[in-house]
Amino acid sequence: MSNTKKVKVTKNGKCSVSINCFSCQTRYELCGFSSKQNDDLYYRDITGKKIQDIIPEVDKGWREMFISGICPECWNKMFG
Ligand SMILES: [Zn+2]
């Protein structure tokens, strides 16, 4: 369970989102989302909201992880 990396996104919010990398199985926690952002992320499949509209302040590599399930490190190994 030491396979967790915390990624600080913003200091404003209090919610965090856990996400597992599909490739390396590392569990990441993205902290600092507002409850609104958290809800939007959670219900994204239902609402169809775009990830860049929900968390525009997050780096593209991390937003990509929500879409592809692949962390930036693995992404760079595969496509970088
Ligand atoms: Zn990975």
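Gln25 is located in the loop between strands S2 and S3 of a predicted model. Helices (H or I, at least four residues) and strands (E, at least two) are taken as DSSP runs and numbered from the N terminus. The phi angle of Gln25 is near 70°, a positive value in a residue other than glycine. Gln25 is classed as exposed because 10 other C-beta atoms lie within 10 Å; by the criterion applied, a residue is buried if 20 or more other C-beta atoms lie within 10 Å of its own, exposed if 12 or fewer, and partly exposed in between, with C-beta atoms placed from the backbone.

The flanking strands, S2 (residues 15-20) and S3, pair in the antiparallel sense over six bridges, where pairing requires that DSSP find at least two bridges between two strands. Together S2 and S3 form a hairpin with six residues between them. Within the paired region, Ser18 stands opposite Glu29 in S3.

Ser23 also belongs to the loop between S2 and S3. Ser23 is partly exposed because 15 other C-beta atoms are found within 10 Å. Ser23 touches Ile70 and Cys74, residues up to four places away in sequence being excluded; two residues are in contact if their C-beta atoms, placed from the backbone, lie within 7 Å. Ser23 and Gly69 are 46 residues apart in sequence, yet their C-alpha atoms are 7.9 Å apart in space. A further long-range pair is formed by Ser68 and Cys21, which are separated by 47 residues in sequence and by 9.0 Å from C-alpha to C-alpha. Ser68 is part of helix H4 (residues 60-68), and its 14 C-beta neighbours inside 10 Å are why Ser68 counts as partly exposed.

Ser35 lies in helix H1 (residues 35-42). With 10 other C-beta atoms within 10 Å, Ser35 is exposed. The C-alpha atoms of Ser35 and Ser16 are separated by 9.1 Å, the two residues being 19 residues apart along the chain.

The chain as a whole contains five helices and three strands, arranged from the N terminus in the order β-β-β-α-α-α-α-α. Buried residues constitute 12% of the 80 residues. Of the contacts with a separation of 6 or more, 33% involve residues 24 or more positions apart.

The largest nonpolar core comprises eight residues: Cys21, Tyr28, Leu30, Phe33, Ile55, Val58, Met65 and Cys71. Such a core is defined as a set of buried Ala, Val, Leu, Ile, Met, Phe, Trp, Tyr and Cys residues joined through C-beta atoms within 7 Å. Strand S3 (residues 27-33) gives the most to this core, with three residues. In soluble globular proteins, nonpolar side chains tend to be buried together. Ile55, a member of the core, touches Phe33, Gln37 and Arg63 when residues up to four places away in sequence are not counted.

Confidence was assessed by pLDDT, the predictor's confidence in each residue, from 0 to 100. The chain averages a pLDDT of 83, and 82% of the residues score at least 70. Among the elements, strand S1 (residues 4-8) has the lowest mean pLDDT (63), whereas helix H3 (residues 51-54) has the highest (94). Local features were required to have pLDDT of at least 70 and side-chain atom pairs were counted only at pLDDT 80 or more, while totals for chains, interfaces and linings use all residues. Residues are numbered from 1 along each chain as its sequence is written.
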